[in-house]
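Okay, thanks for coming, everyone. I'd like to walk you through one structure today, so let me put it on the screen.

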Amino acid sequence: MDRRDFIKVSGVAAAGLALSGCAPKSGSWSKKEQELYGAKKKGHFSLMQISSATDTIGESYLMKTAGGKVLMVDGGYASDVPNLRKHLMEAGGHVDLWFITHPHEDHMEALATILNDMQGITIDKVVYSRVTDEYLNCEPASADNARGYYRAIDNHIGKTDFLDIHRGGQRFDIDDVGVMVLGVSNMAIKSRNYNNQSMVVRVWDDQKSVVFLGDAHIECGDNLLAEYKDYLDCDYLQIAHHGQSGCSEEFYKSINFRACLWPTPSWVWEPAPEHDWLKTRDTRRWMDEKGITEHHVSCLEKDWVLL
């Protein structure tokens, strides 16, 4: 199967964006949410998977509610900031809720750059799950940049509300759109890397649900299955760690979803033979075996939008 066959896009293409509608379906809410919240209707949000400006690794998602509220997950590198600023200004220039999954540069550097030079952007609340300064030393190559990100937060306290959470299950409702944090940082995970500290976020409305896995690795995914399995079923699942060396095959085959979001550059999507450590093809095979036919890949669909 080549990459053209692998991608199945719903909807129409317009102005260079692939626009996809998602019809209401039974199961958009997880079983647990149906038990907790019954038949209460939720609001509506659109979602943009923002592509890397330089075809590098990274993750950036922008959501906008029907009432005009803006949510972000991660944001990418500093090199992604010009394109991100453009999209944010087009959305009104204000972010109501910004989630950062973990302190790797390709996820948090854009926010740190904006915090250091707002240029008209305003942010109400940033939600993150801070790791200890000592833990940062487990990845020496990334530690200085991670500390720079935390300094940017500390220097901006008083201008933006920063919520550092260390308990899963916390819920944020915004314009009747449901948002729940599932995974948070967990220093007890034995495999010591920033990816295993990824915050995992679920967002849903009356038509669709999305789960953002960040860069969750096997141990992080195993913990999610143990604690929040009922909340992981969704319509759109962001594939962990850009599709390579993230959650396990068992994780993906233990939950229900119908479409994949891949924040993935071309060199990870189609790894060269010498890059056999990139396990993207394994993940793609797991999705084939699971019967998933709808895939949205950031290097192939520029700034893809789900309405």
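I'll start with the overall picture and then go through a few spots in turn.

First thing to keep in mind: this is a predicted model. The mean pLDDT of the protein chain is 89, and 87% of its residues come in at 70 or more. The stretch to watch is residues 1-27, where the pLDDT is below 50. That stretch still has 64 contacts in the model, leaving out near neighbours in sequence. As a rule, where pLDDT is low, the predicted coordinates should not be read in detail.

Now the overall build. The protein chain comes to ten helices and 16 strands. It has 307 residues, and 57% of them are buried. If you take the contacts between residues at least 6 apart in sequence, 71% of those join residues at least 24 apart.

Let's go to helix 3, residues 81-90. Its buried residues are V81, N83, L84, R85, H87 and L88. What sits over them? The cover includes strand 3, strand 4, strand 5, strand 6 and helix 4. Right after helix 3 you get G92, with a positive phi near 120°.

Helix 3 also helps to line the largest pocket, so to speak on the other side of this story. That pocket holds about 270 Å³ of space. Helix 3 supplies at least two residues of its lining, and so do strand 3, residues 45-49, and strand 4, residues 60-65. Twelve residues line the pocket in total, and the ones nearest its centre are M48, L62, H87, E90 and A91. You may recall H87 from a moment ago, as one of the buried residues of helix 3. By class, the pocket lining has seven nonpolar, two polar and three charged residues.

Next, helix 4, residues 105-116, which is mostly covered. How many of its twelve residues are buried? Nine of them are. The list runs E105, D106, H107, M108, A110, L111, A112, I114 and L115. The cover over these includes helix 3 again, plus helix 6, residues 140-156. Among the strands covering helix 4 are strand 5 at 70-74, strand 6 at 94-99, strand 7 at 122-128 and strand 8 at 161-164.

There's a cavity to mention as well. With a threshold of 30 Å³ or more, the count is one cavity, and the largest has a volume of about 30 Å³. Its lining is made of I100, T101, H102, P103, Y128, S129, Y149 and Y150. Sorted by class, that gives five nonpolar, three polar and no charged residues.

On to the cysteines, since somebody always asks. How many disulfides does the structure hold? Zero. Take C247: the closest cysteine sulfur belongs to C220, and at 6.4 Å it is too far for a bond. The cut-off for a disulfide here is 2.5 Å between the sulfur atoms. As for surroundings, C247 counts as buried because its relative accessibility is 4%. C299, on the other hand, is partly exposed, with a relative accessible area of 26%.

C247 leads us to Y252, which has C247 among its contacts. Y252 is in helix 8, residues 249-254. Is Y252 buried or exposed? It's buried, because its relative accessibility is 1%. Setting aside residues up to four places away in sequence, Y252 touches L213, L237, I239, A240, C247, F257, T283, W286, M287 and K290. Also, the C-alpha atoms of Y252 and G221 are 9.1 Å apart, and those two residues are 31 apart along the chain.

Last item: two backbone oddities. D176 has a positive phi of about 60°, even though it's not a glycine. Where is D176? In the loop between strand 9, residues 171-174, and strand 10, residues 177-181. D176 is partly exposed, with a relative accessible area of 44%. S245 also has a positive phi, about 50°, and is not a glycine either. S245 is in the loop between strand 13, residues 236-238, and helix 8, and it's partly exposed at 30% relative accessible area.

That's my tour, and I'm happy to take questions.

Conventions. Residues are numbered from 1 along each chain as its sequence is written. This is a predicted model: local features need pLDDT of at least 70, side-chain atom pairs count only at pLDDT 80 or more; totals for chains, interfaces and linings use all residues. Side-chain values use heavy atoms; hydrogens and water are left out. Buried means under 20% relative accessible area, exposed over 50%, partly exposed in between (1.4 Å probe, protein chains only). pLDDT is the predictor's confidence in each residue, from 0 to 100. Contact means heavy atoms within 4.5 Å. On a 1 Å grid over the protein atoms alone, a cavity is a set of points where a 1.4 Å probe fits but cannot get out, and a pocket is an open set with protein on both sides within 12 Å along at least five of seven lines; lining residues have an atom within 4 Å of a point. Grid points are joined across faces, edges and corners, and a volume is the space filled by probe spheres set on the points. Ala, Val, Leu, Ile, Met, Phe, Trp, Tyr, Cys and Pro count as nonpolar, Asp, Glu, Lys and Arg as charged, and the others, Gly among them, as polar. Helices (H or I, at least four residues) and strands (E, at least two) are DSSP runs, numbered from the N terminus.
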